[in-house]
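Okay, thanks for coming, everyone. I'll put the structure up and walk you through a few spots.

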Amino acid sequence: MKKNAIGVLFSADNSIKALEFKGSHVTLEEMQKCVGGYIEFIYLNDGMVLVVNEEGLILNLPYNERATNTALAEGKKHNIVGDVLLIGTNFKNK
């Protein structure tokens, strides 16, 4: 039985929401919908990736403290803005 992809949405308002997607992979359209525009990846050391809005700074989106702290804990020095999707890069069907 195929499992659906899962993710966590870190909203800029500091809320967290678990998400389940239809299918084993998160589509480009689903990622864009979560972050509100074009996407950019910040790869973390543990096989996870933060999906951020590529134009977040240009659009003056609000600072995302939770996502920034997650990146900093992994040695990534980014000030992250807007809503952010956390997903795995190595999701496999079982």
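How many residues sit between E3 and E4 in their hairpin, and which residue in the turn has a positive phi? Keep in mind that this is a predicted model. So, the hairpin: there are 4 residues between E3 and E4, and the turn residue with the positive phi, about 80°, is Gly47. The two strands, E3 at residues 39-43 and E4 at 48-53, run antiparallel and pair over 5 bridges. One pairing you can look for is Ile39 with its bridge partner Asn53 in E4.

Stay on E4 and find Val51. Skipping neighbours within four places in sequence, Val51 is in contact with a list of residues that includes Met31, Val35, Phe41, Leu85 and Ile87.

That takes us to the largest nonpolar core, which has 13 residues. Val51 is among the members that touch the most others, along with Phe21, Val26, Met31, Leu85 and Ile87. Helix H1 (28-35), E4 and strand E5 (84-88) each put in at least two residues, and H1 gives the largest share, with 3. There's also a second, separate core of 10 residues, with Phe10, Ala67, Ile80 and Val84 among them.

Last stop, Thr68, in helix H2, residues 65-73. Is Thr68 buried or exposed? It counts as buried, because its relative accessibility is 1% and the cut-off is under 20%. A polar atom of the Thr68 side chain lies 2.9 Å from the backbone oxygen of Asn64. Leaving out neighbours within four places in sequence, Thr68 is in contact with Tyr63, His78, Asn79 and Ile80.

Note on methods:
Residues numbered from 1 in each chain as written. Predicted model: local features only at pLDDT ≥ 70, side-chain atom pairs only at ≥ 80, totals over all residues. Heavy atoms only, no water. Buried < 20%, exposed > 50% of the residue type's maximum accessible area, 1.4 Å probe, protein only. Polar contact = N/O pair within 3.5 Å; in protein donor to acceptor, adjacent residues only side chain to side chain. Contact = heavy atoms within 4.5 Å. Pairing = 2+ DSSP bridges. Core = buried A, V, L, I, M, F, W, Y, C linked by side-chain atoms within 4.5 Å.
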